[in-house]
Amino acid sequence: MSLLAEWREDVGCVFQRDPAARTRFEVLTTYPGVHAILLHRLGHRLWRHGWRYPARLLAFLARLLSNVDIHPGATIGKRFFIDHGAGVVIGETAEIGDDVTLYHGVTLGGTSWRKGKRHPSLGDGVLVGAGAKILGPISIGAGARVGANSVVVADVPPGCTVVGIPGRVVRLRQAGQPNPYGVDLDHHLIPDPVGKAIACLLERIDILEKRLEAGGLAAAGSQRQFYQGCDADNAICEHDCAGGAVTLGQPSRLVANHSTSK
């Protein structure tokens, strides 16, 4: 595909993902995320043809203009969109598929000083929330979503959502009508498995304190019955996302203890 055709697609996709966009002229002149990707397309071509210093100089100028730091060696697919564009960092060996959306403050970074593949790979249609950090040569599957301010250091299966520090795969409740373009902005509906487990523990402590005040501890059977009534329904998605628990490791001790006691 020609450079001009890629630019047209980068500008055109903004209208599908940002309801504030009105005209192409407005997008071309006022969207820093668009400025960053347009200049990166040119810089990446220079990089591939061995013009390394001009490519780095162009990336530096793009950073001054847009506050987005994209290494010219990064491979970025079609219709890439950075919303707001402030503070985004994309490393040299990062690989990004088609129709990917990043919000401000996202980092696709490395965890090693060794040369070679050291940055993440994002599949088609991935959505990364504001402030999220995806670190290391890991893979984020197609259609996956990364919650705002999450820190992801392990692979994420396709179609799953990952939240927290470190990132954990969660299953989602049904939340309204899906966006026809596949971009879900309902970040407040993303579940918090650790928060849910802590809420259950606080509830249990409150009940135990009331029983102590009433003159004695509850029997073991009553305690088991209590656990059955406190459902941490946002646990690791062992069933909804194939390989979710195996890929991202075991859940935290709080969640694990709660789950095994049910």
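**Figure 1. Asp-99 and its salt bridge to Arg-79.** In this predicted model, Asp-99 is partly exposed, with a relative accessible area of 31%. Asp-99 forms a salt bridge with Arg-79, and the closest N and O atoms of the two are 2.6 Å apart. The pair links distant parts of the chain, 20 residues apart. Asp-99 sits in the loop between strand S5 (95-96) and strand S6 (101-102), while Arg-79 sits in the loop between strand S2 (75-76) and strand S3 (81-82). Arg-79 is likewise partly exposed, with a relative accessible area of 24%.

**Figure 2. The salt bridge between Lys-117 and Glu-95.** The closest N and O atoms of Lys-117 and Glu-95 are 3.4 Å apart, and the two residues form a salt bridge. This pair also links distant parts of the chain, its members being 22 residues apart. Lys-117 belongs to the loop between strand S7 (107-109) and strand S8 (121-122), and Glu-95 to strand S5. Lys-117 counts as partly exposed at 37% relative accessibility. Glu-95 is partly exposed as well, with a relative accessible area of 41%.

**Figure 3. A network of four charged residues.** Glu-9, Arg-17, Arg-79 and Asp-99 are joined into one network by salt bridges that share partners. The pair of Asp-99 and Arg-79 shown in Figure 1 belongs to this network. A search of the whole structure finds 10 salt bridges.

**Figure 4. The salt bridge between Glu-26 and Arg-22.** Glu-26 forms a salt bridge with Arg-22, with 2.8 Å between the closest N and O atoms. Glu-26 has a relative accessible area of 17% and is therefore buried, the cut-off being under 20%. Arg-22, in contrast, counts as exposed, at 66% relative accessibility. The bridge thus has one buried member, Glu-26, and one exposed member, Arg-22.

**Figure 5. The surroundings of Asn-149.** Asn-149 lies in the loop between strand S12 (145-146) and strand S13 (151-152). With a relative accessible area of 52%, Asn-149 is exposed, because the value is over 50%. Leaving aside neighbours within four places in sequence, Asn-149 is in contact with Ala-130, Gly-131, Ala-132 and Ile-165. One of these residues, Gly-131, is 18 residues from Asn-149 along the chain, and the C-alpha atoms of the two are separated by 4.5 Å.

Notes. Residues are numbered from 1 along each chain as its sequence is written. This is a predicted model: local features need pLDDT of at least 70, side-chain atom pairs count only at pLDDT 80 or more; totals for chains, interfaces and linings use all residues. Side-chain values use heavy atoms; hydrogens and water are left out. Helices (H or I, at least four residues) and strands (E, at least two) are DSSP runs, numbered from the N terminus. Buried means under 20% relative accessible area, exposed over 50%, partly exposed in between (1.4 Å probe, protein chains only). Contact means heavy atoms within 4.5 Å. A salt bridge is a side-chain nitrogen of Lys or Arg within 4 Å of a carboxyl oxygen of Asp or Glu.
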